[in-house]
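Open the model in your viewer and switch on the cartoon view. Keep the selection box ready. We will go stop by stop.

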Amino acid sequence: MILPPPSGATPSAPRAPARLTPPSHEEAQGARVWHLDTGHFDRPRASALLLLRTPLVSDTTPASAVLTELACQMLSDVMTTPLASCAPAGLGWAVSPHAGGLLVQAGGYSQRLPRLSLDLAASLA
């Protein structure tokens, strides 16, 4: 098989981005805060992830896994109505089980993220 020579319009092979380790900013008993700036300034977007470590969720028994999944689904159902206006406003959220506990994620435009985070915390309480 003979291929034509590459032109300026032909994309080159993609390269994997350099792996960066974010610096640790704050450390307290049982908590660590990490931050890594992406260097993209075209969108004022942010995301927040909260891992609630609890032995009730991280228990490895099948019964615990099923109950945790059901609890996450119920929590998502309960929070869907109060947080329905998030998607049109450019915000998103998720609650899911994690090996270490319960993972709560929020993301979207940075000026609206604190309010969404407070609403998620109120729904969890």
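This tour goes from the whole chain to the core, then to a surface patch and a salt bridge.

**Stop 1: the whole chain**

Remember that you are looking at a predicted model. Select everything. How many helices and strands are in the chain? There are three helices and five strands. Now trace the chain along its sequence. The pattern reads β-β-β-α-α-β-β-α.

Switch on the surface. The chain exposes about 10,000 Å². Carbon and sulfur atoms supply 61% of that area. Of the 125 residues, 18% count as buried.

Next, think about contacts between residues with a separation of 6 or more. Residues 24 or more positions apart account for 51% of them.

**Stop 2: the core**

In soluble globular proteins, nonpolar side chains tend to be buried together. Here, the largest nonpolar core has 13 residues. Select M79, L83, C86, V95, A106, L116 and L120, and show their side chains. These are the members that touch the most other members of the core.

Which elements give two or more residues to this core? They are α2 (62-80), β4 (91-98), β5 (101-109) and α3 (113-124). Give each of these elements its own colour.

Now zoom in on V95. Leave out residues up to four places away in sequence. V95 then touches C72, L75, S76, M79, L102 and L103. Select that list too, and view V95 with its partners.

**Stop 3: a patch on the surface**

Turn back to the outside. Select V66, L67 and L70. Together they form a nonpolar patch on the surface. Their accessible area adds up to about 300 Å².

Pick out L70 alone. This residue lies in helix α2. Is L70 buried, partly exposed or exposed? Its relative accessible area is 48%, so L70 is partly exposed. The cut-off for exposed is over 50%.

**Stop 4: the salt bridge**

How many salt bridges does the structure hold? There is one. Select D119 and R115 to see the pair that forms a salt bridge. Their closest N and O atoms are 3.3 Å apart.

Where do the two residues sit? Both D119 and R115 lie in helix α3. They are four residues apart, which is about one turn of the helix.

Check how open each one is. D119 has 26% relative accessibility, so D119 counts as partly exposed. R115 has 58%, so R115 counts as exposed.

Technical notes:
Residues numbered from 1 in each chain as written. Predicted model: local features only at pLDDT ≥ 70, side-chain atom pairs only at ≥ 80, totals over all residues. Heavy atoms only, no water. Core = buried A, V, L, I, M, F, W, Y, C linked by side-chain atoms within 4.5 Å. Buried < 20%, exposed > 50% of the residue type's maximum accessible area, 1.4 Å probe, protein only. Contact = heavy atoms within 4.5 Å. Patch = residues over 30% accessible without salt bridge, like charges linked within 9 Å, V, L, I, M, F, W, Y side chains within 5 Å. Areas by Shrake-Rupley, 256 points an atom, 1.4 Å probe, with all protein chains shown as cover. Salt bridge = Lys/Arg side-chain N within 4 Å of Asp/Glu carboxyl O.
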